[in-house]
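Let's take a relaxed walk through this protein together. Have a look at the sequence and the 3D view first, then read on.

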Amino acid sequence: MESVQDEIPGLVIHTVRQPDGQAATIQAQFEAFHRLNPWVLRALESLTANYLKRGATRVGIGMLFEVLRWRYTTATEGDEFRLNNNFRSRYVRLLIERHPEWAGAFEVRSLRTD
């Protein structure tokens, strides 16, 4: 079986931490994480495209997150892979922005917070 690590050469997981006393919005935390980890979006795109190509008509971002967690936790050593559930809705929006044809495959709700 091919190692998942081989799909994304040089995979490095960067954690975003706020300085003490500074509370960042979820959106700001997401933007920082996404800047440091652009491979996450590429991996979500790949998983989504593959799943839809196999005949699925609906995709759950929760399922995609769990697949990423499983694949990359088993493919990396050292720091635990951390993918914040608060970023799910932001990643869905990015996926739809980049692939408008997927809009009907995802359920998108209003954001409750910035």
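## The nonpolar core

First, a bit of vocabulary: a nonpolar core is a set of buried Ala, Val, Leu, Ile, Met, Phe, Trp, Tyr and Cys residues that are joined through side-chain atoms within 4.5 Å. Here, buried means under 20% relative accessible area. Keep in mind that what you're looking at is a predicted model.

The largest nonpolar core has 26 residues, and the ones touching the most other members are V40, L44, I61, L68, Y91 and F106. Four helices, α1 (26-36), α2 (39-53), α3 and α4, each chip in at least two residues. The largest share comes from α2, with seven residues.

## A closer look at F106

Which residues does F106 touch, leaving out those up to four places away in sequence? They are T48, R58, V59, I61, L64, V92, L95 and I96. You've met I61 already: like F106, it is one of the core residues that touch the most other members.

## The largest pocket

Now for the largest pocket, which has a volume of about 480 Å³. It is lined by 20 residues, and S89, R93, R109, S110 and R112 are the closest to its centre. Two elements give two or more residues to this lining: α3 (61-75) and α4 (88-98). The largest share, five residues, is from α4.

What's the mix by class? The lining has seven nonpolar, seven polar and six charged residues.

## How confident is the model?

The chain's average pLDDT is 81, and 71% of the residues score at least 70. Residues 1-6 have a pLDDT below 50, and in the model this stretch makes seven contacts beyond near neighbours in sequence.

Key: Residues numbered from 1 in each chain as written. Predicted model: local features only at pLDDT ≥ 70, side-chain atom pairs only at ≥ 80, totals over all residues. Heavy atoms only, no water. 1 Å grid on protein atoms, 1.4 Å probe; cavity = no way out; pocket = protein on both sides within 12 Å on 5 of 7 lines; lining within 4 Å. Points joined across faces, edges and corners; volume = space filled by probe spheres on them. Nonpolar A, V, L, I, M, F, W, Y, C, P; charged D, E, K, R; others polar. pLDDT = per-residue confidence, 0-100. Contact = heavy atoms within 4.5 Å. Buried < 20%, exposed > 50% of the residue type's maximum accessible area, 1.4 Å probe, protein only.
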